[in-house]
Amino acid sequence: MLCVSKRLSLANSTAALAFAAGLVPMSSAVAATAAVAAAHELVPHRAVYDMKLGEMDEKSGIAGLNGRMVYDFSGSACDGYSVNFRFVTEFQNADGGSQVTDLQTTSFEEPQAESYQFLSKTFVDQELVEATRGTARLGQDSRTIELKEPAEKSLDIGREVLFPTEHLLSIMNAAEEGVPFVAADIYDGAETGEKVYATTTVIGAKAVSPVKEGAEGPDAPLAGMSYWPVTVAYFDPTEEEASGEIMPVYQLSFWLYENGISGNLKLDYGDFTIQGKMAALELYDEADCANP
């Protein structure tokens, strides 16, 4: 899963945890990640989603929206996880103008989240407007980020901050244990590579896919599979309201299937939403990983 700024009108995210009401400390959640990976085999796959404008307020200034998101996930708990992600969106405003944004990211997360390499490029009307590249590593007392783009820089973030796949596995662990609310800080190299998002995740009751066995369509491989309805709110701790409250930058709702695939996407930016429907799904061969 995935996180993108409202300024670029996109979003990519996953989500995760510090348990509450039966609260487990975050350090315990991080330590358990390898065991979680063994319990939840994330299926290598390529998912394509058609994106369209959902609800909107007049103040949003958006008259229309359409796009496509491609999420390509591969790897294993033994070898690490690779993600190639692209999100192309065309916006029309009330004055008849239009703009195309194209977000392209690649990342690799080592087993047990020892390091996280990332490269992200954002184009607006085919012009490169932002590029971020770097590596985050797990140290003894913190996680260290070495940025190469947009400028060379080193910075430390908390040791308990989670990387994307580590975050996803933590959500799945919470879901299996019946924990309905979790919170965590996550780092995915978004924007200039210096931002850590605070997140809260609400996990609904486990359900079974409405797709019937033998059905045709892009989500046919998910027939009979269980999922959890999940909503993740992303907060920028630096954007505090005058009242002292921090409002979410956006919220991401989706069905999280037990194999790590996501469906029924909804991105909520407050004054408009984007709906995502699966258009294609290809499952890759799973790597042999007997001893994660």
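**Figure 1. Asp 125 in the loop between strand E5 (115-124) and E6 of the predicted model.** The structure shown here and in the other views is a predicted model. Phi of Asp 125 is near 50°, which is a positive value in a residue other than glycine. Most residues other than glycine have a negative phi. With a relative accessible area of 46%, Asp 125 is partly exposed, because that class lies between the 20% and 50% limits.

**Figure 2. The hairpin of E6 and E7.** Strand E6 covers residues 127-138 and strand E7 covers residues 142-149; the two pair in the antiparallel sense over 6 bridges. Between E6 and E7 lie 3 residues. One pair to show in this view is Arg 137 with its bridge partner in E7, Thr 144.

**Figure 3. The hairpin of E7 and E8, with a cis peptide bond at Pro 150.** E7 also pairs with strand E8 (residues 153-158), in the antiparallel sense and over 6 bridges. The hairpin leaves 3 residues between E7 and E8. Ser 142 has Gly 158 in E8 as its bridge partner. Pro 150 is placed in the loop between E7 and E8. The peptide bond that joins Glu 149 and Pro 150 is cis, with omega at about 5°. Most peptide bonds are trans.

**Figure 4. Helix H3 (residues 164-176) and its cover.** H3 has 13 residues, and the distance from its first C-alpha to its last is 19 Å, close to the 18 Å expected at 1.5 Å a residue. The helix is mostly covered, with 12 of its 13 residues buried. The buried residues of H3 include Pro 164, His 167, Leu 168, Leu 169, Ile 171, Met 172 and Ala 175. Residues with polar side chains in the buried set include Thr 165, Glu 166 and Asn 173. After H3 comes Gly 178, whose phi is positive, near 75°.

**Figure 5. Ser 170 within helix H3.** At a relative accessible area of 4%, Ser 170 is buried, because the value falls under the 20% limit. The side chain of Ser 170 reaches the backbone oxygen of Glu 166 at 2.9 Å. Glu 166 is itself listed among the buried residues of H3.

**Figure 6. Glu 176 in helix H3, with Trp 228.** Glu 176 has 43% relative accessibility and so counts as partly exposed, between the limits of 20% and 50%. From C-alpha to C-alpha, Glu 176 and Trp 228 are 9.4 Å apart in space, while 52 residues separate them in sequence.

**Figure 7. Strand E15 between its pairings with E1 and E14.** Strand E1 (residues 45-56) pairs with strand E15 (residues 272-283) in the antiparallel sense over 10 bridges. In this pairing His 45 stands opposite Leu 283 in E15. Strand E14 (residues 262-268) is joined to E15 by 4 bridges, and these two strands also run antiparallel. Lys 266 has Gln 275 in E15 as its bridge partner. E14 and E15 form a hairpin with 3 residues between them, and Gly 270 in the turn has a positive phi of about 95°.

**Figure 8. Asn 264 in strand E14.** The phi of Asn 264 is near 50°, a positive value in a residue other than glycine. Asn 264 has 43% relative accessibility and therefore counts as partly exposed, the class between 20% and 50%.

**Figure 9. The protein chain and the confidence of its model.** The chain has 3 helices and 15 strands. Of its 292 residues, 48% count as buried. The chain exposes about 13,500 Å², of which carbon and sulfur atoms supply 46%. Its mean pLDDT is 82, and 84% of its residues reach 70 or more. Among the elements of the chain, helix H1 (residues 26-31) has the lowest mean pLDDT, 33, and strand E11 (residues 207-208) the highest, 96. Over residues 2-38 pLDDT stays under 50, and for these residues the model has 122 contacts beyond four places in sequence.

Methods:
Residues numbered from 1 in each chain as written. Predicted model: local features only at pLDDT ≥ 70, side-chain atom pairs only at ≥ 80, totals over all residues. Heavy atoms only, no water. Expected span 1.5 Å × (residues − 1). Buried < 20%, exposed > 50% of the residue type's maximum accessible area, 1.4 Å probe, protein only. Polar contact = N/O pair within 3.5 Å; in protein donor to acceptor, adjacent residues only side chain to side chain. Pairing = 2+ DSSP bridges. Areas by Shrake-Rupley, 256 points an atom, 1.4 Å probe, with all protein chains shown as cover. pLDDT = per-residue confidence, 0-100. Contact = heavy atoms within 4.5 Å.
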